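Subject: Structure handover

Hello,

Here is the structure I said I would pass on. Please open it beside this email and follow along as you read.

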Amino acid sequence: MKPGSSLMKHYLQFKDLRAEEYAYLFERAAIIKRRFKNYEKYTPLFDRTLAMIFEKASTRTRVSFEAGMYQMGGSVVHLTTGDSQLGRAEPVEDSARVISRMVDIVMIRTYEQAKLERFAAHSRVPVINGLTNEYHPCQILADLFTYIEHRGTHDGSAKAADCLRGMVVAWVGDGNNMAHTWLQAAEILGFTVHVSTPGGYEIDPAVAGISSSACYKVFKDPMDACRDAHLVTTDVWTSMGYEAENEARKQAFADWCVDREMMAAARPDALFMHCLPAHRGEEVEAEVIDGAQSVVWDEAENRMHVQKALMEYLLLGRIG
């Protein structure tokens, strides 16, 4: 797509795309992954450049975007606040104006969603949210694709996203960016999130940006949240930027460790997911994350495949 055109899309939060666009992305991700596994060369982004901007540390986000862009035939520019003007006095708006004249697409991993939105508002090229305090859409995109891979469709339909409708996801832990993004995904794709958080760490529907409460239910007891769930998922108790609260959070979250009893309360074929990094013995038992129901390693790998599909879509539109 032409930079700055009316057709240009950003991906700043999960609700930026429609259900039919997600169905398309899941199908493209499956095709792109299959080509990758079969060592088939596929370089539709030849001569395109991705700028990756990091204000927060990263393992999976950096490797998945960087490797994915190279595999698609493009190149990558890696920037941090320490080696660019982003960490100095230059306004975000000016950085956006300059960087977007030199590259074709930008991924930003930062703190405030507002900073990401300011950058996107002045960018001539698509901008992707690699994580903010409020949302983590690329991770949920990977999580949903992983569920589709493992569970297929409930009714045998060929539509990739059909198996998500009616699904129950149990969110156990902090009402953070992951939880907010799960709510957006549930509202768009037709499933329900069972949310259980300690008091004082609840989700904020206003931050989540959902239109109604029909897509989620709140449970005081995490065991009740897990009951009959198709998927149980969690995150670290202390996300980046909240390290000063670590000890207080450990005490508050003590009963929100996903253990074997919680998984037993879920459906017999329930999957366990975690966006990583994980702290065994805190938010999840080792027996769960390393057990037979865990798909965290597939989930981590799938970050790369869904992001390749996303970049292809934002830059080239629909293929075929």
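Below is what was found in it, grouped by helices, sheet and backbone.

Please keep in mind that this is a predicted model.

Helix H12 and its two partners

Start with helix H12, which covers residues 296–316. Helix H1 (residues 19–37) packs against H12 at an angle of about 120 degrees, and the two axes are 8 Å apart. The crossing of H1 with H12 is right-handed. On the H1 side the residues in contact include Tyr-24, Leu-25, Ile-32 and Phe-36. On the H12 side, Met-304, Val-306, Leu-310 and Tyr-313 are among those they meet. Sorted by class, the residues of this contact between H1 and H12 are 10 nonpolar, 2 polar and 7 charged.

H12 also meets helix H2. Their axes cross at roughly 50 degrees and come within 9 Å of each other. H2 is therefore oblique to H12. The handedness is again easy to state: H2 passes H12 in a right-handed crossing. From H2, the contact involves Arg-60, Thr-61, Ser-64, Phe-65, Ala-67, Gly-68, Met-69 and Gln-71. Their partners in H12 are Ala-300, Arg-303, Met-304, Gln-307, Lys-308 and Met-311. This contact of H2 with H12 consists of 6 nonpolar, 5 polar and 3 charged residues. Two residues of H12, Met-304 and Lys-308, appear in the contact with H1 and also in the contact with H2.

A salt bridge inside H2

H2 spans residues 60–71 and holds both Arg-62 and Glu-66. These two residues form a salt bridge, with the closest N and O atoms 3.0 Å apart. Arg-62 and Glu-66 are 4 residues apart along the chain, which is about one turn of the helix. The whole structure has 18 salt bridges.

Helices H3 and H4

A further helix pair is H3 (residues 92–99) with H4 (residues 113–121). Their axes come within 8 Å and cross at roughly 45 degrees, so H3 is oblique to H4. The crossing of H3 and H4 is right-handed. Val-92, Glu-93, Ser-95, Ala-96 and Ile-99 of H3 touch Lys-115, Arg-118 and Phe-119 of H4. By class, the contact of H3 with H4 has 4 nonpolar, 1 polar and 3 charged residues.

The sheet

Strands of a sheet pair through backbone hydrogen bonds, in a parallel or an antiparallel way. Here 5 strands make an open sheet with parallel pairing, in the order S7-S6-S5-S8-S9. Which strands are at the edges? They are S7 (216–218) and S9 (271–274), each of which pairs on one side only. From one strand to the next, the twist averages 20 degrees. Strand S8 (residues 231–234) is paired with S9 in the parallel sense over 4 bridges. Within this pair, Thr-233 stands opposite Met-273 of S9.

Two backbone details

Most peptide bonds are trans, and most residues other than glycine have a negative phi. The bond between Leu-276 and Pro-277 is cis, with omega about 0 degrees. Pro-277 is in the loop between S9 and helix H11 (286–289). Asp-47 is not a glycine, yet its phi is positive, about 70 degrees. Asp-47 sits in the loop between H1 and strand S1 (49–54).

Regards

Conventions
Residues are numbered from 1 along each chain as its sequence is written. This is a predicted model: local features need pLDDT of at least 70, side-chain atom pairs count only at pLDDT 80 or more; totals for chains, interfaces and linings use all residues. Side-chain values use heavy atoms; hydrogens and water are left out. Axes are lines fitted to C-alpha atoms, for helices over the stretch in contact, and angles run from 0 to 180 degrees between N-to-C directions. Angles under 35 degrees count as roughly parallel, over 145 as roughly antiparallel, 65 to 115 as roughly perpendicular and the rest as oblique. A crossing is left-handed if the near helix is turned anticlockwise from the far one by less than a right angle, and right-handed if clockwise. Contact means heavy atoms within 4.5 Å. Ala, Val, Leu, Ile, Met, Phe, Trp, Tyr, Cys and Pro count as nonpolar, Asp, Glu, Lys and Arg as charged, and the others, Gly among them, as polar. Two strands pair if DSSP finds at least two bridges between them. A salt bridge is a side-chain nitrogen of Lys or Arg within 4 Å of a carboxyl oxygen of Asp or Glu.
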